[in-house]
Amino acid sequence: MAGFRTLLLATTIVSLSLLGACTPAQLESLPWPESTPSGISEEAWAHALAAHEQATVLGLTSKSLVAVIDFSRPSTERRLWVIDINTREVLMNEYVAHGVRSGGVYPTMFSNRYGSNQSSLGTFITENSYYGVRGLSLRLRGVEPGINDRARDRGIVLHGTPNVSPERARYGTQGRTEGCPAVSRDAARRLVPMLEDGVVVFAWYPDHNFLARSEFVDRSLSWTRDISGPPVLRAAPAGSSVQTHNPSTAQKDGR
């Protein structure tokens, strides 16, 4: 009997040893969890992931970075994130301005029209950097017809400005632009080299018309929002159309 117990114990130890040896390989084969990076809302991140995936499928990007701008937040908050898709690491989190006619501290109106002085939503692909009248700047190409595809003609670029800063945010205000996503000059010196040449920039706002027209957002999700509370995501039933609610009473059709 003692010999049997000794044999059983030895077998158990060997089995556990082999299991332990296999565990790291098994863990490495598991997919990376679809966790939301720190600071970003679930809805903004879900749609940014979808935009990056669609841009990759269409051959518009081969980069693992994505820049997310959440215009549902005020300009006095850090609402621009640069994230590595593979690791979910937040590489930068900065203040960013919106167009002067998009609204005050809270933007509510967005446009693709030349001369509107409003920000545009949706998926952009970065192009080359250059030094212009705004200093170091990064060209953005809007890839969504009717939503942001006039960005190049409008001169929409990411650039630095002295009118965006942590100091201004503390006083409850930030500068506004003619439609460009502008950051502080210090942030631009770091952002532009990081993002140039083929990185997805996704500008988010829960606009009914945008959600209905965009081919880059996640259509497997519907969303509801209590303006006084956090956003809530719900999975849409299979085969159903995306139902959206526009929180802004200032939205207009046909922009």
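Q: How much space lies in the largest pocket?
A: The model is predicted, with local features requiring pLDDT of at least 70 and side-chain atom pairs pLDDT 80 or more, while totals for chains, interfaces and linings use all residues. Residues are numbered from 1 along each chain as its sequence is written, and side-chain values use heavy atoms, without hydrogens or water. The pocket is an open set of 1 Å grid points, over protein atoms alone, where a 1.4 Å probe fits, with protein on both sides within 12 Å along at least five of seven lines. Probe spheres set on its points, joined across faces, edges and corners, fill about 400 Å³.

Q: Which residues lie closest to the centre of the largest pocket?
A: Its lining, meaning residues with an atom within 4 Å of a point, comprises 25 residues. By class, 9 are nonpolar, 11 polar and 5 charged (nonpolar: Ala, Val, Leu, Ile, Met, Phe, Trp, Tyr, Cys, Pro; charged: Asp, Glu, Lys, Arg; polar: the others, including Gly). Closest to the centre are Arg134, His159, Thr177, Glu178 and Cys180.

Q: Which element gives the largest share of the lining of the largest pocket?
A: Two elements, β4 (122–132) and β6 (157–161), each give two or more residues to this lining. Strands are DSSP runs of E, at least two residues, and helices runs of H or I, at least four, numbered from the N terminus. The largest share, 4 residues, comes from β6.

Q: Is Thr61 buried or exposed?
A: Thr61 lies in the loop between α2 (42–57) and β1 (65–70). Its relative accessible area is 7%. Because buried means under 20% with a 1.4 Å probe and protein chains only, Thr61 is buried.

Q: The backbone oxygen of which residue lies 2.6 Å from a polar atom of the Thr61 side chain?
A: Polar contacts are N or O pairs within 3.5 Å, one able to donate a hydrogen and the other to accept it; residues adjacent in sequence count only through side-chain atoms. The Thr61 side chain reaches the backbone nitrogen of Lys63 at 3.1 Å. The backbone oxygen at 2.6 Å belongs to Gly198.

Q: Which element contributes the largest share of the largest nonpolar core?
A: A nonpolar core joins buried Ala, Val, Leu, Ile, Met, Phe, Trp, Tyr and Cys residues through side-chain atoms within 4.5 Å. Of the 51 members here, Trp45, Val82, Val183, Leu191 and Leu195 touch the most others. The largest share, 6 residues, comes from α2.

How values were computed: Buried means under 20% relative accessible area, exposed over 50%, partly exposed in between (1.4 Å probe, protein chains only).
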